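Subject: Structure handover

Hello,

Here is the structure to look through. Please open it beside this email and follow along.

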Amino acid sequence: MTAVALDPDKLYEIVDGQPEEKEISGARHGGICARLTIQLGMYLKANQIGWLYVEGSFQIGGNERIPDLAFVSAARIPPEGEPETKWPIPPDLAVEVMSPNDLYERVYAKTLEYLAAGVKQVWLVSPEHHTVTIYRSATNITAFAGDCELVSEDLFPGFHCALREIFTSPVHTALS
């Protein structure tokens, strides 16, 4: 059997032993990830309870996954620090920002995979509907929409962020 050469300019998750190309995100997707990273990053800088990883690679059961954003608590970072390659542990939080081509069934299956591997929370972010849904298990689900503030007291005590801070994109205004 001949090995297939993977494009070094693309990201791949390893699922059931096979590489699956991670879709390149669009501007809206990237903006939402950046704004969420800023909000959580400011909280973590003030509270120093762990670190964020943007498109870091994690061992999730038998698969290697690359969440859009992940959090690892300080207590779980090994004494030698961050690994040179992928994390051999699941993160405490995996954030997946939905893309227009994502199928709900596949994203939900990935959510359950994260939870089964020991991820404490999975945040599914819908740019289309301006919602964040937090999964703590298949039945412990909290949805945030509209003018709500995103909170997660069990992982981030005292963190709160208005959804508009995540979903409001910059708008070009003409200079007078």
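**Helix α1**

The 21 residues of α1 should span 30 Å at 1.5 Å a residue, and the end C-alpha atoms of α1 are indeed 30 Å apart, so the two values agree. Keep in mind that this is a predicted model.

Which residues of α1 are buried? They are His29, Gly31, Ile32, Cys33, Arg35, Leu36, Gln39, Leu40, Tyr43 and Leu44. Look at the spacing as you read that list. An α-helix has 3.6 residues a turn, so residues three or four places apart point the same way.

**The end of the helix and the next strand**

Move on to Gln48. This residue sits in the loop between α1 and β3. Its phi is positive, about 45°, although Gln48 is not a glycine. That value comes just after α1. Is Gln48 buried or exposed? Its relative accessibility is 65%, so Gln48 counts as exposed, the cut-off being over 50%.

Glu55 is another residue to check. Its phi is near 50°, again a positive value in a residue other than glycine. Glu55 lies in the loop between β3 and β4, where β4 covers residues 58-60. With a relative accessible area of 34%, Glu55 is partly exposed.

**The second largest pocket**

Gln48 also helps to line a pocket. The second largest pocket holds about 150 Å³ of space. What lines it? The residues are Gly41, Leu44, Lys45, Gln48, Ile49, Gly50, Trp51, Leu52 and Ala74. Two elements, α1 (27-47) and β3 (50-54), each supply at least two residues of this lining. Leu44 is on the lining list, and Leu44 is also among the buried residues of α1. By class, the lining has 5 nonpolar, 3 polar and 1 charged residues.

**Ser126 and its contact**

Now go to β8, the strand of residues 121-126. Ser126 lies in this strand. At 12% relative accessibility, Ser126 counts as buried, because that is under the 20% cut-off. Where does its side chain make a contact? A polar atom of that side chain lies 3.1 Å from the backbone nitrogen of His129.

**Two pairs brought together**

Next, find Phe144 in strand β10. Phe144 is buried, with a relative accessible area of 7%. Its partner here is Thr131. The two are 13 residues apart in sequence, and their C-alpha atoms are 5.6 Å apart in space.

Ala145 is in the loop between β10 (141-144) and β11 (149-151). Is Ala145 buried or partly exposed? At 38% relative accessibility, Ala145 counts as partly exposed. Leu163 is 18 residues away from Ala145 in sequence. From C-alpha to C-alpha, Ala145 and Leu163 are 7.3 Å apart.

**Cysteines**

How many disulfides does the structure hold? The count is 0. Two cysteines are still worth a look. Cys148 has 34% relative accessibility, so it counts as partly exposed. Cys161 has 2%, so it counts as buried. Cys33 is a buried residue of α1.

**Where to start**

Begin at α1 and follow the chain to Gln48, in the loop between α1 and β3. Then turn to the pocket that Gln48 helps to line. After that, compare Phe144 in β10 with Ala145 in the loop between β10 and β11.

Best wishes

Technical notes: Residues are numbered from 1 along each chain as its sequence is written. This is a predicted model: local features need pLDDT of at least 70, side-chain atom pairs count only at pLDDT 80 or more; totals for chains, interfaces and linings use all residues. Side-chain values use heavy atoms; hydrogens and water are left out. On a 1 Å grid over the protein atoms alone, a cavity is a set of points where a 1.4 Å probe fits but cannot get out, and a pocket is an open set with protein on both sides within 12 Å along at least five of seven lines; lining residues have an atom within 4 Å of a point. Grid points are joined across faces, edges and corners, and a volume is the space filled by probe spheres set on the points. Helices (H or I, at least four residues) and strands (E, at least two) are DSSP runs, numbered from the N terminus. Ala, Val, Leu, Ile, Met, Phe, Trp, Tyr, Cys and Pro count as nonpolar, Asp, Glu, Lys and Arg as charged, and the others, Gly among them, as polar. A disulfide is a pair of cysteine sulfur atoms within 2.5 Å. Buried means under 20% relative accessible area, exposed over 50%, partly exposed in between (1.4 Å probe, protein chains only). The expected span of a helix is 1.5 Å times one less than its number of residues. A polar contact is a pair of N or O atoms within 3.5 Å; within protein, one must be able to donate a hydrogen and the other to accept it, and residues adjacent in sequence count only if both atoms are side-chain atoms.
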